[in-house]
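The following report describes a protein model from its overall composition down to selected residues. Please consult the sequence and the coordinates alongside the text.

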Amino acid sequence: LRENDENLAKEIKRLGKRCYFVRSKIDADLYSMRRERKEFDEVAEMEMIRSDSVSGFVKAGIPNPTVFLISSFEPDRYDFNRLKEAIEDDLTNIKKRAFILALPIESVEID
């Protein structure tokens, strides 16, 4: 967590807006950890990353932050769906329609 991240989050909270904390490239982090260690527990490592991120925001004076761990290459894994649901739940009906229309089409590839 960098000082600019802290300042931005504080200003968003001060304005009374919802703020989503997104940690991207979680797949790359987990891949590196997997290569470095003999024993590797993906769920435990993700919880440790999430916990470290939350504690960094709490130390910066941001209470109850919600942290999403995502991968752009694997959007069906990790917290991407939870992030979409959180954003959708916080939007008004008009904004919700625009948000849904702005999402990329998610379909299964047919072989």
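## Surface, fold and charge

The protein chain exposes about 8700 Å², and carbon and sulfur atoms supply 51% of that area. The model is a predicted one. Of the 111 residues in the protein chain, 25% count as buried.

The secondary structure comprises 5 helices and 2 strands. Read from the N terminus, the elements follow the order α-β-α-α-β-α-α. The C-alpha trace spans about 50 × 50 × 20 Å along its principal axes. Among the contacts of the protein chain with a separation of 6 or more, 48% are accounted for by residues 24 or more positions apart.

The protein chain carries 20 positive and 23 negative charges, and the mean positions of these two sets are 6 Å apart.

## The largest pocket

The largest pocket has a volume of about 330 Å³. Its lining consists of 16 residues, and those nearest the centre are Leu1, Asp5, Phe21, Val22 and Phe57. Helix 1 (3-14), strand 1 (21-23) and helix 3 are the elements that give two or more residues to this lining.

## Helix 3 and its partners

Helix 3 covers residues 42-59 and includes Ser53. Arg50 is found in helix 3 as well. How accessible is Arg50, and does the value make the residue buried or exposed? Arg50 has a relative accessible area of 16%, and it is buried because buried means under 20%. With residues up to four places away in sequence left out, Arg50 touches Val67, Phe68, Leu69, Asp79 and Arg82. Strand 2 is formed by residues 67-69, so three of these partners, Val67, Phe68 and Leu69, are strand residues by the DSSP assignment.

Ser53 likewise has a relative accessible area of 16% and is buried. Which residues does Ser53 contact when neighbours within four places in sequence are set aside? The partners are Arg23 and Val67. Val67 is thus named as a contact of Ser53 and as a contact of Arg50.

## Loops and positive phi values

Two residues other than glycine are described here with a positive phi. Lys25 has a phi of about 60°, and Tyr78 has a phi near 65°. Lys25 is found in the loop between strand 1 and helix 2 (26-36), whereas Tyr78 lies in the loop between strand 2 and helix 4. Are these residues buried or exposed? Lys25 is exposed, with a relative accessible area of 58%, because the class begins over 50%. Tyr78, with a relative accessible area of 19%, is buried, since this value falls under the 20% limit.

Arg77 is also found in the loop between strand 2 and helix 4. Its relative accessible area is 34%, and the residue is partly exposed. Arg77 and Asp27 are 50 residues apart in sequence, and their C-alpha atoms are 9.2 Å apart in space.

## Helix 4

Helix 4 runs over residues 80-90 and contains Glu88. Glu88 counts as partly exposed at 27% relative accessibility, because that value lies between the 20% and 50% limits. Beyond residues up to four places away in sequence, Glu88 touches Lys96, Phe99 and Ile100. The last of these, Ile100, is 12 residues from Glu88 in sequence, with a C-alpha to C-alpha distance of 8.0 Å.

Asn81 also has its place in helix 4. Asn81 is partly exposed, with a relative accessible area of 33%. From Asn81 to Ser51, the separation is 30 residues in sequence and 20 Å in space, C-alpha to C-alpha.

The C-alpha distances given above are collected below.

| Residue pair | Separation in sequence | C-alpha to C-alpha distance |
|---|---|---|
| Glu88 and Ile100 | 12 residues | 8.0 Å |
| Arg77 and Asp27 | 50 residues | 9.2 Å |
| Asn81 and Ser51 | 30 residues | 20 Å |

Methods
Residues numbered from 1 in each chain as written. Predicted model: local features only at pLDDT ≥ 70, side-chain atom pairs only at ≥ 80, totals over all residues. Heavy atoms only, no water. Helix = DSSP H or I, 4+ residues; strand = E, 2+ residues; numbered from the N terminus. Buried < 20%, exposed > 50% of the residue type's maximum accessible area, 1.4 Å probe, protein only. Contact = heavy atoms within 4.5 Å. Areas by Shrake-Rupley, 256 points an atom, 1.4 Å probe, with all protein chains shown as cover. Lys, Arg positive; Asp, Glu negative; His and termini not counted. Charge placed at Lys NZ, Arg CZ, Asp CG, Glu CD. 1 Å grid on protein atoms, 1.4 Å probe; cavity = no way out; pocket = protein on both sides within 12 Å on 5 of 7 lines; lining within 4 Å. Points joined across faces, edges and corners; volume = space filled by probe spheres on them.
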